[in-house]
Amino acid sequence: MNQIKELTTRERILHMMKTSGPLSAKEITSELKITEMAVRRHLGTMERDGLIESKMIRQTLGRPTAVYGLTEMAEGLFPKKYHTLTLDLLEELEEESGGRMVDRLFERRRDKLNRKYLAEMDGKTLPEKVQKLSEIQNDNGYMTELERNESGEFVLMEHNCPISQIASRYNHACDCELNLFESLLDAEVKRTECLAQNGKKCVYVIRERKKGTSGE
């Protein structure tokens, strides 16, 4: 309880919705012991920020009441250790079937993503493909940044890696990502820094493929 009291009002409201489900402004006011006007001000800001959403519920007597619940964005603020479960399962699979089976899983994921995104690259120039790849990775939580260096090469930086804990244990995941980029871009791709290998970010240097060479 002491931990909850140290939270901001906004954080306490999110915590209440996480533990109790959707709540009305009146219920929140009663719990926080602040004015309903202050509560509604917080709710308005949080709804505008996409953290909560409201809906009307019918009551046996009286008018429908608005209740507020967490959005998917807000759910992401709470600690989740999916990678721990994933690592446990991969280690069990490795023990049962060997390391090659784990590698095959990453390769199948690579192939699935390749099929998913390849059509989006069709007919595009390399600069357009690289920009599209940056957008795809950013949408998937990699916090990308794209630059072009003095040599004309593209430098794609990923400041976050959702699977870094897994890739730290199973490096083949990183190899598969590199292969995926080469396939989608039909270009030469070199990784110069990797979050899973104690880097500050993942960095990919991309350039036109030399004539006479081809990817996998």
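A salt bridge is counted here where a side-chain nitrogen of Lys or Arg lies within 4 Å of a carboxyl oxygen of Asp or Glu. In the predicted model described here, K132 forms such a salt bridge with E120, the closest N and O atoms being 3.2 Å apart. This pair links distant parts of the chain, since K132 belongs to helix α8 and E120 to helix α7, with their positions 12 residues apart in the numbering. K132 has a relative accessibility of 23% and therefore counts as partly exposed, and E120, with a relative accessibility of 30%, is likewise assigned to the partly exposed class. A further set of salt bridges, connected through shared partners, joins R10, R48 and D49 into one network. In the whole structure, the search finds 12 salt bridges.

Two further pairs are found within single helices. Side chains of opposite charge can pair when their charged atoms come close. In helix α4, which covers residues 36–48, E36 and R40 are 4 residues apart and are therefore separated by about one helical turn. The two residues form a salt bridge in which the closest N and O atoms of E36 and R40 are 2.9 Å apart. E36 is partly exposed, with a relative accessible area of 34%, and R40 is also partly exposed, with a value of 43%.

The second of these pairs is found in helix α7, which covers residues 99–121, where R104 and E107 are 3 residues apart and so are separated by about one helical turn. The side chains of R104 and E107 meet in a salt bridge, with a distance of 3.4 Å from N to O. The two partners fall into separate classes of accessibility: R104 counts as partly exposed at 37%, whereas E107 has a relative accessible area of 10% and is buried, because buried means under 20%.

Charged residues also gather in patches on the surface. A patch of negative charge is made up of D88, E91, E92, E95 and E96. One of its members, E92, lies in helix α6, which covers residues 82–97. E92 has a relative accessible area of 53% and is therefore exposed, the limit for this class being over 50%. A patch of positive charge on the surface is formed by R108, K112, R115 and K116. Of these residues, K116 lies in helix α7, and K116 is exposed, with a relative accessible area of 53%.

Helix α7 also holds R109, a residue that is partly exposed, with a relative accessible area of 40%. R109 and E177 are 68 residues apart along the chain, and their C-alpha atoms are separated by 9.4 Å. Another pair of positions can be described in the same manner, namely T144 and E158, which are 14 residues apart in sequence and 4.5 Å apart in space, from C-alpha to C-alpha. T144 is placed in strand β4, and with a relative accessibility of 17% T144 counts as buried.

The backbone was also examined through the phi angle. Most residues other than glycine have a negative phi, and most peptide bonds are trans. M143, although it is not a glycine, has a positive phi of about 50°. M143 is found in the loop between helix α8, residues 126–139, and strand β4, residues 144–148. A positive phi, near 50°, is also found for D186, which is a residue other than glycine. The place of D186 is in the loop between helix α10, residues 172–185, and strand β6, residues 187–193. D186 is partly exposed, with a relative accessible area of 48%.

At the level of the whole chain, the domain assignment gives domain 1, covering residues 9–77, and domain 2, covering residues 116–208. The C-alpha centres of domain 1 and domain 2 lie 39 Å apart.

Methods. Residues numbered from 1 in each chain as written. Predicted model: local features only at pLDDT ≥ 70, side-chain atom pairs only at ≥ 80, totals over all residues. Heavy atoms only, no water. Patch = residues over 30% accessible without salt bridge, like charges linked within 9 Å, V, L, I, M, F, W, Y side chains within 5 Å. Areas by Shrake-Rupley, 256 points an atom, 1.4 Å probe, with all protein chains shown as cover. Lys, Arg positive; Asp, Glu negative; His and termini not counted. Charge placed at Lys NZ, Arg CZ, Asp CG, Glu CD. Helix = DSSP H or I, 4+ residues; strand = E, 2+ residues; numbered from the N terminus. Buried < 20%, exposed > 50% of the residue type's maximum accessible area, 1.4 Å probe, protein only. Domains from an automatic or database assignment.
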